[in-house]
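Here is a short note for a colleague who has not looked at this structure before. Please keep the model open while reading.

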Amino acid sequence: MRVIAGEFKGRPLKSVPTHKTRPTTDKVKEAVFHAIGPFFEGGKALDLFAGSGGLGIEALSRGVDSCVFVDQQQKAIQTIYENIKLLHVNDRTEVFKTDANRAIKAAGKRSLTFDYIFLDPPYKKFSYKELMEALLDHELVADGAIIVCEHDASEKIPEEVGRLKRMKTDHYGSNIGVSIFE
């Protein structure tokens, strides 16, 4: 795993030492960022189900001001901290060990909003519709925000969730799908 482009281009990232986490491949990460960027002039990101933090770190490398990383696995949290330390971006990040629903509620209580939200939960274990509804209900989605959902290619992803509309869905190989909402 590595950072594909931007300030930290080519820098290696540590992966989570467990089979419970499925890292986003470089090919998928590159395609995602070409679809939504490829570079940014500021903004705030939320990397929910962050794993190693690869998506949020890529966003930071490409110009996002700050990123909040959330994962409930201790090994993932340790890996995120290691990757943040490697790249010296501590001052641009927050890391939380909690489940997605608690993180969404806590961010809502802090009145946080995000311009880029990455949702990469364990495949077929979460409803993307329910996650996006929770993000909207807790007012975490900034005007003009982009939400990236990585999912199993066979999963049915809704066309719309509240004010969010699916802009595109692409498939990578036989089992990876990425849907982008705006």
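The points below deal with strand S5, the cysteines, and the empty spaces in the model.

1. Status of the model. This is a predicted model. The values below should be read with that in mind.

2. Ile146. This residue is found in strand S5. Ile146 counts as buried because its relative accessibility is 12%, and the cut-off for buried is under 20%. Leaving aside residues up to four places away in sequence, Ile146 touches Ile36, Asp115, Tyr116, Ile117, Ile180, Phe181 and Glu182. Ser179 lies 33 residues from Ile146 in sequence, and the two C-alpha atoms are 10 Å apart in space.

3. Ile147. The next residue to consider, Ile147, is also found in strand S5. Ile147 is buried, with a relative accessible area of 0%. Its contacts, not counting residues up to four places away in sequence, are Ile117, Leu119, Met132, Leu135, Val141, Leu164, Ser179, Ile180 and Phe181. Val70 is 77 residues away from Ile147 along the chain, with 15 Å between the C-alpha atoms.

4. His151. Is His151 buried or exposed? His151 is buried, at a relative accessible area of 0%. This histidine is found in strand S5, which covers residues 141-152. The side chains of His151 and Ser179 are joined by a polar contact of 2.9 Å. Ser179 is also in the list of residues that His151 touches beyond four places in sequence, together with Tyr123, Tyr128, Ile157, Thr169, Asn175, Ile176, Gly177 and Val178.

5. Cysteines. How many disulfides does the structure hold? The count is zero. For Cys67, the closest cysteine sulfur is that of Cys149, and the separation of 16 Å is too far for a bond, because a disulfide needs the two sulfur atoms within 2.5 Å. Cys149 is accordingly in no disulfide, the nearest cysteine sulfur being that of Cys67. Cys67 is buried, with a relative accessible area of 2%, and Cys149 counts as buried at 0%.

6. Largest cavity. A search of the whole structure for cavities of 30 Å³ or more finds one. The space in the largest cavity is about 30 Å³. Val28, Val32, Leu55, Leu119, Asp120, Val148, Cys149, Glu150 and Val178 line the largest cavity. Two elements, helix H1 (26-36) and S5, give two or more residues to this lining. S5 gives the most, with three residues. By class, the lining of the largest cavity has seven nonpolar residues, two charged and no polar ones.

7. Largest pocket. Which residues of the lining are closest to the centre of the largest pocket? They are Thr21, Phe49, Gly51, Asp71 and Asp120, out of 29 lining residues. The largest pocket holds about 470 Å³ of space. Strand S1 (44-48), helix H2 (54-61) and strand S2 (66-71) each supply at least two residues of its lining. The lining of the largest pocket divides into 13 nonpolar, nine polar and seven charged residues.

8. Residues that recur. Asp120 is named in the lining of the largest cavity and is one of the residues closest to the centre of the largest pocket. Cys149, which is in no disulfide, also lines the largest cavity. Ser179 is touched by Ile147 and has a polar contact with His151 through the side chains.

Key:
Residues numbered from 1 in each chain as written. Predicted model: local features only at pLDDT ≥ 70, side-chain atom pairs only at ≥ 80, totals over all residues. Heavy atoms only, no water. Buried < 20%, exposed > 50% of the residue type's maximum accessible area, 1.4 Å probe, protein only. Helix = DSSP H or I, 4+ residues; strand = E, 2+ residues; numbered from the N terminus. Polar contact = N/O pair within 3.5 Å; in protein donor to acceptor, adjacent residues only side chain to side chain. Contact = heavy atoms within 4.5 Å. 1 Å grid on protein atoms, 1.4 Å probe; cavity = no way out; pocket = protein on both sides within 12 Å on 5 of 7 lines; lining within 4 Å. Points joined across faces, edges and corners; volume = space filled by probe spheres on them. Nonpolar A, V, L, I, M, F, W, Y, C, P; charged D, E, K, R; others polar.
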